[in-house]
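Ready for some practice at reading a protein fold? Work through each exercise with the structure open beside you, and try it yourself before you look at the solution.

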Amino acid sequence: MNKRLGYAPCWLGAAIIGMSLVGTTFAADDQPTVTFQDAATHQQRVAESAKTVDYGMLPSHTARKWVDRATKFAASTYPLTQSGKATGKNEQDVNLIYDPAKIWHAEKEGKATGPSFLTGTPTDSAASASALGSGSKTYNSSINKSDASTDQRSFDFVAIPQLAKQYGKITGTVTTVPLSHATPAGLGGAHNLSRGNYAEIANEMYTRGTLDLVFGAGHPMYDDSSRDITDPEKRNYNYVGGKETWELLKSGKHSNGWKLIETKADFEKLADGSLLMDEAFAHVTKLTGVPFVASTLQQGRTGARGVQTDAEVPAPYAVPMNTNVPDETTMIIGALNFLQKRSKEAGNVGFYVMLEGGAVDWAAHANQKPRIVEEIQAHQKATVAVLEWLEKNDLLKETLVISTADHETGLVWGPESDKFAFDPIRDVNGDGVADFRFNSGGHSNSLVPFWVWGGNEVLFQGMTIKTDPEMGALYGPEYTRYLDNTDVFRLSSRAITDSRSGIRNVIVLIGDGMGLNAIGASNSVK
Ligand SMILES: [Zn+2]
């Protein structure tokens, strides 16, 4: 692991984090004991929560139109195995499969066992990105590699961008965390036995020929507060493929023809369209963007506190934001402008792009309440901007948009969830803001939201839809039905390969670690 990183989100889960940076978090297997609330109180709180908390992937008060137009499900995210490396067996560990019977009413000797089931059986972001990107479950830490073999002979899954490329489309990935992190790697069609091999993954993204656009953090010359790293020893080139790759990108001499942009001004000019009018841009076919920040646009900036109570913590946005970097929306709209230009130039071939709000997960790992709100709101704002961009460019009808999370992080539940299992989030003190707490520093196996815009019934033919009535009771009837994360690949690949779908472009939005309770809490912060 790189020394400059204080911790490694999603990497080995809570264990590492508990030991290092974030003293206030706790390992997933070290949960306080929770019991069930008496039924009447619980019912009353569920009803109160359902009535007052908005669990929409997008908040109704700012995005009503898009909320109404979405087809809504929940989704399961469990991995094939929790082994951190290939086992050679390729068998589903049945103990990890999401099962309502093991969650809502499960107890042993008077203690609720659902919360520990959820924190004990999660995916990491690599296995989930592989499942989302290639439709196949695999072991935690795998980037589109099968569990069937324990070495490099392990076969590679075919990911959505590879399929899109075979069908002549323009492809890209955008993230607010390092460009070679698990989610962009998996949904960007990279392949590696281990997600930790950032430099190898970045180089595959730059050289395999799958991708035309790669945007993300990971700048070697800047820290998380966007300040210069003056000590050359402390510069981390791994996220961008190593020093040699970085120098080729900087000098414009990368053999695959990548053009690099870095400044906030360039991202803004890409988003407003002016950069693409520039002569120097006329022949750019491959574009990478690495803003002036080490690992996240905003989440890692100074002034965060990983604590449970609101009392001593600055409110969301109270700590000055990094001003030397574009925001998530700017990066994403800029990327869409480039992809659409290239698509048009190639004869309206269409595009595929993965757009990730990656640091929701990092804030949740660190149990940072204000920062998880900031990160969720940034991703929601970007999602709305994507839909409006599609509408403005008259592309809504021919574009499939899927918005989901790769897993939940932090086992976020209501204010008394350390005592009572599944205590719903709710406004306790009447300030209009839903109260919540983190019950883990790691991931959970909770269902996540899965919203879809565009496409027709062709896409959903033959899809397995399961049900969990407790989800509906808590979060609204649309969340009674759930798909699986592998269905992101099924829908996307069908959209790309079956002309009856009427789809030309595929956009997959991922809120990393963005669970329903954190979303509900964030939606109440106006
Ligand atoms: Zn994570």
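**Exercise 1.** How many bridges join β8 to strand β15, and do they run parallel or antiparallel?

*Solution.* Keep in mind that this is a predicted model.
Step 1: find β15 at residues 505–511 and look at its pairing with β8; you should get 6 bridges, with the strands running parallel.
Step 2: pick out a pair to check by eye, such as M354, which stands opposite V508 in β15.
Step 3: now look at β4 (residues 170–178), which is joined to β8 by 6 bridges and also runs parallel to it. Here F351 is the bridge partner of I170, and V353 is the partner of G172.

**Exercise 2.** Find the place of β8 in the whole sheet, then work out which strands stand at the edges.

*Solution.* Step 1: trace the order of the 11 strands, which is β6-β7-β5-β4-β8-β15-β9-β12-β1-β14-β13. The sheet is open and its pairing is mixed.
Step 2: go to the ends of that order. β6 (258–261) and β13 (466–467) each have a single partner strand, so one side of each has no neighbour in the sheet.
Step 3: see what packs on the sheet. Helix α12 (residues 328–345) lies across β4, β5, β7, β8 and β15, at about 165° to β4. Helix α14 touches β8, β9, β12 and β15, and its direction makes about 170° with that of β15.

**Exercise 3.** Sort the residues of β8 by the way they point, and decide whether they are buried or exposed.

*Solution.* Step 1: recall the general pattern: in a regular strand, side chains alternate between the two faces of the sheet.
Step 2: apply it. F351, V353, L355 and G357 point one way, while Y352, M354 and E356 point the other way.
Step 3: check burial, using under 20% relative accessible area as the cut-off. In β8 (residues 351–357), 7 of the 7 residues are buried, so the strand is largely enclosed by the rest of the structure.

**Exercise 4.** Which residues have the most contacts inside the largest nonpolar core?

*Solution.* Step 1: locate the core, which has 111 residues; F215, I372 and I507 have the most contacts inside it.
Step 2: ask which element gives the largest share. That's α14, with 10 residues.
Step 3: zoom in on I507. Leaving aside neighbours within four places in sequence, its contacts include F351, V353 and L355, as well as V386 and L390.
Step 4: don't miss the second, separate core, which has 19 residues, among them A190, V214, W258 and V290.

**Exercise 5.** At what angle do helix α3 and helix α14 pack?

*Solution.* Step 1: compare the axes of α3 (residues 60–69) and α14 (residues 369–392); the angle is about 75° and the axes are 11 Å apart.
Step 2: name the arrangement. Angles of 65 to 115 degrees count as roughly perpendicular, and α3 and α14 are therefore roughly perpendicular to each other.
Step 3: list the residues that meet: A63, K65, W66 and R69 from α3, and V384, L387, E388 and E391 from α14.
Step 4: sort them by type, and you get 4 nonpolar, no polar and 4 charged.

**Exercise 6.** Are E109 and N144 buried or exposed?

*Solution.* Step 1: start with backbone angles. Most residues other than glycine have a negative phi. E109 has a positive phi near 50°, and N144 also has a positive phi near 50°.
Step 2: place them. E109 is in the loop between β2 and β3, and N144 is in the loop between α5 and α6.
Step 3: compare accessibility. E109 is exposed, with a relative accessible area of 75%, whereas N144 is buried, at 0%.

How values were computed. Residues are numbered from 1 along each chain as its sequence is written. This is a predicted model: local features need pLDDT of at least 70, side-chain atom pairs count only at pLDDT 80 or more; totals for chains, interfaces and linings use all residues. Side-chain values use heavy atoms; hydrogens and water are left out. Axes are lines fitted to C-alpha atoms, for helices over the stretch in contact, and angles run from 0 to 180 degrees between N-to-C directions. Helices (H or I, at least four residues) and strands (E, at least two) are DSSP runs, numbered from the N terminus. Angles under 35 degrees count as roughly parallel, over 145 as roughly antiparallel, 65 to 115 as roughly perpendicular and the rest as oblique. Contact means heavy atoms within 4.5 Å. Ala, Val, Leu, Ile, Met, Phe, Trp, Tyr, Cys and Pro count as nonpolar, Asp, Glu, Lys and Arg as charged, and the others, Gly among them, as polar. Buried means under 20% relative accessible area, exposed over 50%, partly exposed in between (1.4 Å probe, protein chains only). Two strands pair if DSSP finds at least two bridges between them. A nonpolar core is a set of buried Ala, Val, Leu, Ile, Met, Phe, Trp, Tyr and Cys residues joined through side-chain atoms within 4.5 Å.
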